[in-house]
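User: I would like to go through the reasoning behind some of the descriptive terms applied to this model. Please set each value against its cut-off before drawing the conclusion.

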Amino acid sequence: MANEDTVRRCTEASARIRREILKMTYETGNAGAHIGGSLSMVELLACLYLGCIRYDPQNPCWESRDRVILSKGHAAMALYATLAEVGAIETEELITFKKDSSRLGGHPSLNGLPGIEFASGSLGQGLSLGVGTCLGLRRKGNAESRVYVFLGDGECDEGSVWEAAASAAHFHLNNLVAIVDVNGIQYDGDTNEILNLNPFENKWRDFGWKTVSIDGHDIGSILEAYNYVGERPLAILAHTIKGRGVSFMENNWKYHNASLTKKLYEQALEELEVAK
Amino acid sequence: MIEYTKRNIRKWSLLGPSGAHGIAALELAERNPNVLMLTADLCFFSGLERFKVAYPDRLYNFGIAEQNMIGAAAGLAKEGFIPFANTYASFCTSRCADQVRVNMSYMKLPIKLIGLTAGYAAGILGATHMSVEDIAFMRALPNITIISPADCTEIIKAMLAASETDEPTYIRLTGPQNTPIVYSEDYDFQIGKAVTIQEGEDVCIIATGSMVSHAIQAAKLMENKGVSCTVLNMHTIKPLDMQAIMKASEKHRLLVTAEEHSVIGGLYGAVAEVLCKERQHKPVIPFGISDVFVHSGSYSYQMKESGLTAERIADKVIKHMNKGEI
C-alpha cells in the first residue's frame, strides 16, 4: 500500500497538472495541442515523478537517476507540467509551450530542458531507446537506475515497438518498464477500429514481459505497479480515459489534438474545480 | 596493435570489406573499452566471428530488426558507449531512415553506422540488396559524417578515426572480396581531407570508394593516350573537402566524378553543389549509376552495365577531349 501522504501529493499535483495542460492548450490559440492524450496520462506521470523515481531536478545528469522516455511525445504538455511540479522548470515557462523559440516544443526536443533524455515524436522509437539505455546501464554496472518508457496504445501499431519488446525480453532487461497509456483512442478514432491489437495484454505477455493491468487514474494502483520489481521487463497497461477530467473531451477523438475557445476553456476549468 | 605491413594489407584485401571491418573491430576493442559492435543477424557476414569469440559481451545481435538496432544504439551512445552498428547498407540507411534521422542527425548521438555491401557487392541478390542511394539519403541529414573508403586498409583507418570523434558517422563499404589495393603501405588518413593519389594536368578524377582503384587504372589508360590525370580519393563525402575540389577545378581542364552510387545526390551532386557557386568552373563528367535499377547479376556485370570500369571512363573522357569541347 502506498503511503497516504504520497497519494495526497500525487492527487493534488495531478489536479494542478490538468489545469496547466488546459491553460497551455488555450494559450496555443488556433494552433491547438494534443490535449486528449496529455490528460489521460496525468496521474501516470505525477505518480512517477512525485512518488517513485530517483530524479534530482538540480542535477538532471545524475548517473544514478532513473531514465524517463516519453515515446508518445505528443503528450509533451503533461510531461512539461509534471517537470514544473517537481521544480525542473518554472511554472511560468509553461505558457511558452509551442511559442517561437520556446524550449517547450510540441514534442520534446533536446534543447537544454532538464529531464528530457531523448527527443521524441516519431512514434515507435522510444522503447528501442529504452532497450539501449538499459543495456548501457548494465554495462556500467548501474543496477539502481530503472528506465521508464511511456507509450500510447495507438503507438503500438508501429512494428518497431514489437521489435523492441522482443529484444527487451531477449536481453532480460528487468530494469525496463513500459507504461502504455491505453486510452483506446487514436487520431482517427477507436484503436480497436483503426487497428485492433487485442488481446493486447497477451501480446506483451507473449513477447516475454510481465504485465500488470491497472486503472491508470487510480493513484494507489499506479504507485503499486511502479514498485513491482521482477525478473522480466514490466509492461504496465494503464487503462485510462482520453481527455480525462473534462466532460466534453472524455473519450472524444476530436480532442486528440484540438484548440479551445475561451468559453470551452472556462467551462473545462470549472469542471476541474468542481471535481476537486 | 594494427600494423600496416604489405603482408597485412594483402591479407585484408583477400578478406574483403567485411573482413576488414572485423579486423578493425578487434583493434577497436583493444583500444577503447567503450566500443561495442551491434549487428542485425549479420555477425558472420560482417566479419565479426572472431570478435564474438574474443569479446562476447561486447557484441549485440538484435536479430533481423534494424530499426530496433538503431534505437538501441542510440540508447547505448547516450549512456557513453561507442556503438558500431552494421547491416546491409540499404537496410541501415533507407530502411531505418527515420531512426537514423532522429537519433544520429537530430540528436547527434555518436552512433557509427556501417553499411555493408554498399553499391553492387550484394547485387547478385537482387535490387533489394543493392545500395546505390545511401549517400543521397545520408547526405541530406545534418550532422552526419559520411565516409566511403577506397580499399580495405582505408576501411580500417576510417573505423579507427570514427571511433575517436564524437560525430555520428556513416561508413559505406564498397567493393568485392579480393578488394583491389589502393594503398600498399601506410599513409595519412584524416576525415574530411581528400587524398591526392597522383597528380596530372589535364583531367582530375574525383573518385570515392571502390571507384578509386578504377580511377587509377583509367588514369593510366588515358596517360597512354597523352592525357595527364590527377586522381583524388574523396573518401569523406561529408564534410566535403571543398578546397580540394576548387583547386582541382582551377588546375585542370576537365573534372570527372566516379562513384558506385547513383549520380543523383551522391559524390557528383556534392561536387556540383560546390562548383555551381563559382563564377567559373570546369565541366564535370559523372560516372555513377544513372537513375535506374540495374538488372541483378555478378558484381563485374553490374559495374560494366553501369559504365563503372576504367576502360569506359578512359574512352568517354578521351572522346570528350577529342571533340575539342574542353
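User: What makes Glu223(B) count as partly exposed?

Analyst: In this predicted model, Glu223(B) lies in helix 8 of chain B, which covers residues 211–224. Glu223(B) has 15 C-beta neighbours inside 10 Å, while the term buried requires 20 or more and the term exposed requires 12 or fewer; the value falls in between, and Glu223(B) is therefore called partly exposed.

User: Which residues is Glu223(B) in contact with, leaving aside its neighbours within four places in sequence?

Analyst: Those residues are Ser228(B) and Cys229(B), where contact requires C-beta atoms within 7 Å. As for Gly200(B), which is 23 residues apart from Glu223(B) along the chain, the separation between the two C-alpha atoms is 9.2 Å.

User: Why is Leu260(A) called buried?

Analyst: Leu260(A) has 24 other C-beta atoms within 10 Å, and the cut-off for buried is 20 or more, so the term applies to Leu260(A). The residue sits in the loop between strand 7 (234–239) and helix 10 (262–275) of chain A. Not counting residues up to four places away in sequence, Leu260(A) touches Thr25(A), Tyr26(A), Tyr265(A) and Ala268(A). Glu90(A), by contrast, is 170 residues apart from Leu260(A) in sequence, with 24 Å between their C-alpha atoms.

User: How do you know that helix 4 of chain A is largely enclosed by the rest of the structure?

Analyst: The conclusion rests on a count: helix 4 of chain A spans residues 76–85, and 10 of the 10 residues are buried, so the helix is described as largely enclosed by the rest of the structure. Among the buried residues are Met77(A), Leu79(A), Tyr80(A), Leu83(A) and Glu85(A). The buried residues of this helix pack against helix 1 (4–27), helix 2 (36–39), helix 3 (42–51) and strand 1 (67–70) of chain A. Just after helix 4 of chain A, Gly87(A) takes a positive phi of about 85°.

User: Two of those elements, helix 1 and helix 3 of chain A, also pack against each other. Why is helix 1 of chain A called oblique to helix 3 of chain A?

Analyst: Their axes are 9 Å apart and the packing angle is about 130°. That angle is outside the range of 65 to 115 for roughly perpendicular and is not over 145, as roughly antiparallel would require, which means that helix 1 of chain A is oblique to helix 3 of chain A. The crossing is right-handed. In the contact, Thr6(A), Arg9(A), Cys10(A), Ala13(A), Ser14(A), Ile17(A) and Arg18(A) of helix 1 meet Val42(A), Glu43(A), Ala46(A), Cys47(A), Leu50(A) and Gly51(A) of helix 3. By class, these residues are 7 nonpolar, 3 polar and 3 charged.

User: What makes helix 5 of chain A roughly parallel to helix 6 of chain A?

Analyst: The axes of helix 5 (residues 126–139) and helix 6 (residues 159–170) of chain A come within 8 Å and cross at roughly 25°. Angles under 35 degrees count as roughly parallel, so helix 5 of chain A is given that description with respect to helix 6 of chain A. Their crossing is left-handed. On the helix 5 side the contact is made by Leu127(A), Ser128(A) and Val131(A), and the residues on the helix 6 side include Val161(A), Ala164(A) and Ala168(A). The contact residues divide into 6 nonpolar, 3 polar and no charged.

User: How do you know that helix 1 and helix 7 of chain B are roughly parallel?

Analyst: Helix 1 (residues 6–31) and helix 7 (residues 152–163) of chain B pack at an angle of about 15°, with their axes 7 Å apart. The limit for roughly parallel is under 35 degrees, and the two helices are therefore roughly parallel to each other. In this pair the crossing is right-handed, and the contact residues divide into 13 nonpolar, 4 polar and 1 charged.

User: Which helix of chain A supplies the largest share of the side that touches chain B?

Analyst: The contact takes 21 residues from chain A and 19 residues from chain B. Helix 5 and helix 6 of chain A each supply at least two residues of the chain A side, and helix 5 gives the largest share, 10 residues. For the complex, the predictor gives an ipTM of 0.96 and a pTM of 0.97.

Terms used
Residues are numbered from 1 along each chain as its sequence is written. Chains are lettered from A and ligands numbered from 1 in the order in which they are written. This is a predicted model: local features need pLDDT of at least 70, side-chain atom pairs count only at pLDDT 80 or more; totals for chains, interfaces and linings use all residues. Axes are lines fitted to C-alpha atoms, for helices over the stretch in contact, and angles run from 0 to 180 degrees between N-to-C directions. Helices (H or I, at least four residues) and strands (E, at least two) are DSSP runs, numbered from the N terminus. A crossing is left-handed if the near helix is turned anticlockwise from the far one by less than a right angle, and right-handed if clockwise. Two residues are in contact if their C-beta atoms, placed from the backbone, lie within 7 Å. Ala, Val, Leu, Ile, Met, Phe, Trp, Tyr, Cys and Pro count as nonpolar, Asp, Glu, Lys and Arg as charged, and the others, Gly among them, as polar.
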